[in-house]
There are 2 protein chains.
Amino acid sequence: MPVPLYQAKAEFFRTLGHPVRIRVLELLQDGPLPVRDLLAGIEVEASNLSQQLAVLRRAGIVTSTREGSTVVYALSSKDVADLLRAARRILTDMIAGQGELLAELREAEHTRP
Amino acid sequence: MPVPLYQAKAEFFRTLGHPVRIRVLELLQDGPLPVRDLLAGIEVEASNLSQQLAVLRRAGIVTSTREGSTVVYALSSKDVADLLRAARRILTDMIAGQGELLAELREAEHTRP
DNA sequence: TAGCCAATTGAAAACTTCTTCAAGTCCCAC
DNA sequence: GTGGGACTTGAAGAAGTTTTCAATTGGCTA
């Protein structure tokens with residue numbers, strides 16, 4: 001058996017499972033952007049961003065094209081935007097439905113050293 | 001700023017990013033199941049499955065209720081099923097777009113023992 | 001209550017992923 | 001062709017996750 005589908009799925013989700021990568025995808029939802037702009041929108045060092053972009057590229061989730069001296073990134077499929085929307089819905093519901101967790105989060109904010 | 005949303009999202013996806021956990025969610029898509037049945041449907045040791053179930057529980061993605069001497073698991077929201085469907089669509093498209101991988105999958109299907 | 005089955009937990013070892021930093025490529029302007 | 005900016009790469013250590021095994025809990029039934 002080759003890479004079974006459920007394993008491909010797990011890998012796909014694992015690829016999305018990083019704050020910087022999520023932000024990249026969110027920024028790209030409204031259209032392609034040069035690295036410079038991603039860098040401006042995310043608090044991270046250039047080399048770290050590059051590493052995360054490489055992860056997304058290897059997974060085939062984004063594509064990069066060089067334009068002169070800059071490099072422009074884009075989502076490789078519009079479906080990715082749908083998925084992020086679905087995720088946001090779930091998350092919102094989940095947080096809303098779990099009063100305690102919400103309270104906990106709020107508490108943490110007030111008791112930060 | 002509290003746990004920012006993009007970080008919650010990343011955590012959520014990371015939680016889905018494991019083959020055993022994906023299989024559990026797929027099996028639960030059609031309704032609640034006792035651990036015994038999950039165990040029968042996934043090739044993994046009981047204690048390992050328990051660990052993965054604990055991860056899903058902590059994330060609030062599934063719920064467990066004890067019924068007599070067995071424990072029954074269920075998806076905590078139907079939206080999870082939607083999300084998995086969205087993911088399947090993306091993955092299928094992505095694979096279709098990447099000819100070689102598709103060929104590999106097809107090959108595997110014909111050469112199944 | 002003793003013994004058993006179902007499931008879970010704790011903890012250590014094995015494995016992956018993340019961050020960081022120095023070095024490298026590519027392109028453009030001088 | 002030298003210098004500089006934009007980005008990427010390699011590699012090493014730090015941080016996090018997964019697996020495994022032994023020990024444990026909870027509920028049944030003899």
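User: Which strands of chain B does helix H2 (residues 19-28) lie across, and at about what angle does H2 run to S3(B)?

Analyst: Happy to start there, with the reminder that this is a predicted model. Helix H2 of chain B lies across S1, S2 and S3 of that chain, and its direction makes about 85° with S3(B). H4(B) packs on the sheet as well, touching S2 and S3 of chain B, with about 120° between its direction and that of S2(B).

User: What makes S2(B) and S3(B) a pair?

Analyst: Two strands count as paired when at least two bridges are found between them. S2(B) and S3(B) are joined by six bridges and run antiparallel, so they meet that condition. One of these links is between Thr63(B) and its bridge partner in S3(B), Ala74(B).

User: Why are S1 and S2 of chain B said to stand at the edges of the sheet?

Analyst: The order in this open sheet of three strands is S1-S3-S2 in chain B, with antiparallel pairing. Strand S1 (33-34) and strand S2 (62-67) of chain B each have a single partner strand, so one side of each has no neighbour in the sheet.

User: How do you know that S1(A) and S3(A) are paired?

Analyst: The requirement is at least two bridges. S1(A) and S3(A) have two bridges in the antiparallel sense, so they count as a pair. Within S3(A), Tyr73(A) is the bridge partner of Leu33(A). H4(A) packs on the sheet too: it touches S2 and S3 of chain A, and its direction makes about 115° with that of S2(A).

User: What is the strand order in the open sheet of chain A?

Analyst: The order is S1-S3-S2, with antiparallel pairing among the three strands of chain A. Its edge strands are strand S1 (33-34) and strand S2 (62-67), each pairing on one side only. Helix H2 (residues 19-28) of chain A lies across S1, S2 and S3 of chain A, at about 85° to S3(A).

User: Which residues does Val71(A) touch, leaving out residues up to four places away in sequence?

Analyst: Val71(A), which is found in strand S3 of chain A, touches Leu33(A), Pro34(A), Val35(A), Ser64(A), Thr65(A) and Arg66(A). Pro34(A) is 37 residues from Val71(A) along the chain, yet their C-alpha atoms are separated by 5.5 Å.

User: Why do chains A and B have the relation of a two-fold axis?

Analyst: Two copies of a chain are related by a rotation about an axis and a shift along it. Here chain B can be laid on chain A by a turn of 180° and a shift of 0.0 Å along the axis, with an RMSD of 0.0 Å. That is the relation of a two-fold axis.

User: How do you know that the copies meet through the same surface?

Analyst: Of the interface residues of chain B, 95% are also interface residues in chain A, so the copies meet through the same surface.

User: Now to the DNA. Which residues come nearest to DNA strand D?

Analyst: Of the 22 residues around DNA strand D, the nearest are Ser50(A), Gln51(A), Tyr73(A), Gln51(B) and Gly68(B). H4(A) gives the largest share of the surface near this strand, with six residues. By class, that surface has five nonpolar, 12 polar and five charged residues. Of the strand D atoms within 4 Å of the protein, 64% belong to sugar or phosphate and the rest to bases.

User: What makes the approach of Gln52(B) to DNA strand D a polar contact?

Analyst: The cut-off is a pair of N or O atoms within 3.5 Å. A polar side-chain atom of Gln52(B) lies 3.5 Å from a phosphate oxygen of DNA strand D, so the pair counts. Strand D also has a phosphate oxygen 3.0 Å from a polar side-chain atom of His18(B), and one that is 3.2 Å from a polar backbone atom of Arg36(A).

User: Which atom of DNA strand C is 2.7 Å from the side chain of Gln51(B)?

Analyst: A base oxygen of strand C is 2.7 Å from an N or O atom in that Gln51(B) side chain. Phosphate oxygens of strand C take part too: one lies 2.7 Å from a polar side-chain atom of Ser50(B), and one lies 2.9 Å from a polar side-chain atom of His18(A).

User: Which helix gives the most to the surface near DNA strand C?

Analyst: H4(B) does, with six residues. The surface near strand C has five nonpolar, 12 polar and five charged residues.

Definitions and conventions
Residues numbered from 1 in each chain as written. Chains lettered and ligands numbered in written order. Predicted model: local features only at pLDDT ≥ 70, side-chain atom pairs only at ≥ 80, totals over all residues. Heavy atoms only, no water. Least-squares fit on C-alpha atoms with pLDDT ≥ 70 in both. Contact = heavy atoms within 4.5 Å. Near = heavy atom within 4 Å. Polar contact = N/O pair within 3.5 Å; in protein donor to acceptor, adjacent residues only side chain to side chain. Helix = DSSP H or I, 4+ residues; strand = E, 2+ residues; numbered from the N terminus. Nonpolar A, V, L, I, M, F, W, Y, C, P; charged D, E, K, R; others polar. Axes fitted to C-alpha atoms, helices over the stretch in contact; angles between N-to-C directions.
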